[in-house]
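Welcome, and thanks for taking a look at this one. Here is a short briefing to read alongside the coordinates.

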Amino acid sequence: RTVIYGALVLGTIMVFFTLAVITRAALPLKRLTASAAAISAGRRQNPIELQSQDEVGELVRSFNQMLLSLEKTTVSRDFFDRIVNSIHDLLMVLSPSGELIQVNQAVATILRTEESVLLGQNVKALFADKTGGCYWFERLQKEAQLEGQDVFLSADGGKDLAMSLSANPLYDDHSQIDGYIIICQDNSRRI
């Protein structure tokens, strides 16, 4: 009977010890999971503090290094966005088929709309000539570069604004055209 009680006490102690070890190992993984979920939702996170030399500690250190690298990249993206939106000329980034991927604030301002309304629209709708075509875009697709092309931007209320358009291709890692960068200067005040 004493042996049975001793075995029960020892078994109970072992169960509590095992639970403590599992809880201690799982806590950093739970914090890591919560931090990864917050980052994927766009919220910045502080590095996870863990003083461990095991595999979980190595995983947390790698995660923290990734977090610091991501922070540097995000700051660079914010800085880039501020530069793009500080440009007074109209800046547009197009897909190879002409859909607007990105525009700066100057485009939205001159068209009196929000950037989100413009994204996804085909550039031909903004620059359509009187025949319903967009001669400069077809020429851009053939020549891959334009400089000082006189065009008219169809603004709010059907008013056409005289622009000087320059365009260059964006290339992917395989030297294939992945889109175009368009810059337009407002010439309407000069005419």
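How many bridges join β3 to β4, and in which sense do the two strands run? The count is 7 bridges, and β3 and β4 run antiparallel. Please keep in mind that this is a predicted model. With that pairing as the way in, the points below go through the sheet, the helix across it, the aromatic rings and two loop residues.

**The sheet**

- The sheet is open and is built from 5 strands, in the order β2-β1-β5-β4-β3, with antiparallel pairing.
- At the edges stand β2 (100-103) and β3 (146-154); each has a single partner strand, so one side of each has no neighbour in the sheet.
- From one strand to the next, the twist averages 30 degrees.
- As general background, the strands of a sheet pair through backbone hydrogen bonds, in either a parallel or an antiparallel way.

**Strand pairs, one by one**

- Between β3 and β4, Phe152 has Ala162 of β4 standing opposite.
- Strand β4 (residues 160-171) also pairs with β5, antiparallel and over 9 bridges.
- Within that pairing, Asn168 has Ile181 in β5 as its bridge partner.
- On to β1 (residues 90-94): this strand pairs with β5 in the antiparallel sense, over 5 bridges.
- Opposite Met92 you will find Ile182 in β5.

**The helix across the sheet**

- Helix α6 lies across β1, β3, β4 and β5.
- Relative to β3, α6 runs at about 150 degrees.
- This helix spans residues 135-143 and holds Phe137, which brings us to the rings.

**Aromatic rings**

- Searching the whole structure turns up 3 aromatic pairs.
- One of them joins Phe127 and Trp136: the ring centres are 5.2 Å apart and the planes meet at 85 degrees, so the pair is edge-to-face.
- Are these two residues buried or exposed? Phe127 counts as buried because its relative accessibility is 3%, and Trp136 counts as buried at 0%.
- Phe137 and Tyr180 also make an edge-to-face pair, with 5.9 Å from centre to centre and 80 degrees between the planes.
- Since Phe137 is in helix α6 and Tyr180 is in strand β5 (residues 177-186), this pair ties together parts that are 43 residues apart in sequence.
- Both Phe137 and Tyr180 are buried.
- Taken together, Phe127, Trp136, Phe137 and Tyr180 are linked by ring pairs into a cluster.

**Two loop residues with positive phi**

- Which phi does Arg112 take? Its value is positive, at about 55 degrees, although Arg112 is not a glycine.
- Arg112 sits in the loop between α3 (105-110) and α4 (115-118).
- With 65% relative accessibility, Arg112 counts as exposed.
- Ser175, likewise not a glycine, has a positive phi near 60 degrees.
- Where is Ser175 found? The residue is in the loop between β4 and β5, a hairpin with 5 residues between the strands.
- Ser175 counts as exposed because its relative accessibility is 58%.

How values were computed. Residues numbered from 1 in each chain as written. Predicted model: local features only at pLDDT ≥ 70, side-chain atom pairs only at ≥ 80, totals over all residues. Heavy atoms only, no water. Phe/Tyr/Trp six-rings, centres within 6.5 Å; stacked < 30°, edge-to-face > 60°. Buried < 20%, exposed > 50% of the residue type's maximum accessible area, 1.4 Å probe, protein only. Helix = DSSP H or I, 4+ residues; strand = E, 2+ residues; numbered from the N terminus. Pairing = 2+ DSSP bridges. Axes fitted to C-alpha atoms, helices over the stretch in contact; angles between N-to-C directions. Contact = heavy atoms within 4.5 Å.
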